[in-house]
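Thanks for coming. I have one structure to go through this morning, so let me put it on the screen.

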Amino acid sequence: MTDAHQSLNSSQRVPLARQDQDVRSVLRPNASHDLYRFRLPFQSRFRASLGRLQANADLELIRDRNRNDRIDPGEVVASSRASGRRVDRINIVGLEPGVYYLRVVPDGQRTRYRLRLSAQETNRTSQQYQVVQKTNAYRVQQGQLPLAVNTQLSRAAQQYARHMAVNDVFSHRGADGSSPWDRIRAADYDYSEAAENLAGGYDTAAGAVQGWISSPGHRANLLAYQVQEIGVGYFYQRNDPGRYTFQHYWSQSFGTPANVSVNPSIPSSRYPER
């Protein structure tokens with residue numbers, strides 16, 4: 001994750017357009033990051049990608065919530081941590097208006113890159129991002145830091161929400177024998193801490209989050225201080241025969257990057273909570 005209390009004063013302004021806006025640059029081996037600033041005048045479908053890499057780098061979306069011109073814990077809104085030279089992508093449907101920063105974080109090696117971003121006005125917020133918003137509102141209410149929505153965790157959660165519906169399974173153990181940790185690793189997320197929540201039958205994001213809040217095991221995951229990032233999956237299966245007929249399937253994948261150590265760890269005895 002982003003080092004706490006780093007200054008935002010070095011950011012470069014980027015004009016944001018409805019069409020893709022490109023930034024091309026080079027990160028030197030001794031550079032800690034490149035930082036870009038932009039303003040969203042309206043709720044948006046926001047997309048950013050970091051590609052054409054020569055070495056690994058990560059992408060973070062940051063909001064200076066307390067307006068102190070520094071990156072404080074809990075101010076990373078979204079991240080993508082693809083390994084190697086794979087393209088990092090951030091895609092949020094319903095991102096709130098405001099001033100944001102994009103941070104390109106190298107892995108200690110020189111690399112060229114192309115940063116591409118765009119935003120289209122929308123009055124829609126995806127079911128997945130609604131869960132992120134409501135989860136973070138509950139965490140803040142309970143004295144915990146908000147979580148960053150992560151692209152790789154989102155992939156793990158979305159794939160498993162669909163897997164449950166298609167394979168008529170509702171368990172942390174997939175029909176293919178996979179565990180939550182297997183699925184998170186398979187989505188290219190290298191973690192030091194990880195957890196998972198599942199839900200079925202709720203037709204709204206609010207209902208799913210309230211269901212988790214009302215369950216002690218799930219609530220513990222929602223409020224775990226050991227995790228810093230989240231991914232959410234939602235899948236609707238209208239024709240849903242079989243043992244499980246929920247139609248609406250939800251999954252939350254939680255994680256903390258492998259280079260961040262948190263003690264004590266999340267107890268493994270929390271599973272097999274659903």
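The C-alpha centres of domain 1 and domain 2 lie 25 Å apart. Keep in mind throughout that this is a predicted model. The domain assignment puts domain 1 at residues 9-121 and domain 2 at 127-257. To the contact between them, domain 1 contributes 20 residues and domain 2 contributes 13 residues.

Let me take the sheet next. It is an open sheet of four strands in the order 3-11-5-9, with antiparallel pairing. Which strands stand at the edges? They are strand 3 and strand 9, the latter being residues 88-95; each has a single partner strand, so one side of each has no neighbour in the sheet. On average, and ignoring direction, neighbouring strands here are turned by 15° against each other.

Now the pairings of strand 11, which covers residues 111-121. Strand 3, residues 21-27, is joined to strand 11 by seven bridges, and the two run antiparallel. Within that pairing, Leu27 has Thr111 as its bridge partner, and Ser25 stands opposite Tyr113. On strand 5, residues 44-51, there are eight bridges to strand 11, again antiparallel. Gly51 there is bridged to Arg114 of strand 11. As a general reminder, side chains in a regular strand alternate between the two faces of the sheet.

On to the packing. The largest nonpolar core has 47 residues, and those touching the most other members are Phe46, Leu61, Leu95, Leu102, Val104 and Leu115. Helix 4, residues 205-213, supplies the largest share of this core, with five residues. Both domains take part: the core draws at least three residues from domain 1 and at least three from domain 2.

Val104 is worth selecting on the screen. What is Val104 in contact with, once neighbours within four places in sequence are left aside? The list is Leu27, His33, Asp34, Tyr36, Leu50, Ala57, Asp58, Leu59, Tyr113 and Leu115. Two of these have come up already: Leu27 as the bridge partner of Thr111, and Tyr113 as the residue opposite Ser25. There is also another core, lying apart from the largest one; it has ten residues, including Ala161, Leu198, Tyr244 and Tyr249.

Two single residues to finish. One is Ser80, in strand 8, residues 76-80. Is Ser80 buried or exposed? Its relative accessibility is 0%, so Ser80 counts as buried, the cut-off being under 20%. The Ser80 side chain reaches the backbone nitrogen of Arg89 at 3.2 Å. That side chain also makes a polar contact with the side chain of Gln152, at 3.2 Å. Setting aside neighbours within four places in sequence, Ser80 is in contact with Asp58, Leu59, Asp88, Arg89, Ile90, Asn150, Thr151 and Gln152. Asp58 and Leu59 also appear on the contact list of Val104.

The other residue is Val131, in helix 1, residues 127-141. Val131 has a relative accessible area of 0% and is therefore buried. Not counting residues up to four places away in sequence, Val131 touches Ala205, Val209, Trp212, Val232, Trp250 and Gln252. For a distance across the chain, the C-alpha atoms of Val131 and Arg45 are separated by 16 Å, with their positions 86 residues apart along the chain.

That is what I have; questions are welcome.

Methods. Residues are numbered from 1 along each chain as its sequence is written. This is a predicted model: local features need pLDDT of at least 70, side-chain atom pairs count only at pLDDT 80 or more; totals for chains, interfaces and linings use all residues. Side-chain values use heavy atoms; hydrogens and water are left out. A nonpolar core is a set of buried Ala, Val, Leu, Ile, Met, Phe, Trp, Tyr and Cys residues joined through side-chain atoms within 4.5 Å. Buried means under 20% relative accessible area, exposed over 50%, partly exposed in between (1.4 Å probe, protein chains only). Domain bounds come from an automatic or database domain assignment. Contact means heavy atoms within 4.5 Å. Two strands pair if DSSP finds at least two bridges between them. Axes are lines fitted to C-alpha atoms, for helices over the stretch in contact, and angles run from 0 to 180 degrees between N-to-C directions. A polar contact is a pair of N or O atoms within 3.5 Å; within protein, one must be able to donate a hydrogen and the other to accept it, and residues adjacent in sequence count only if both atoms are side-chain atoms.
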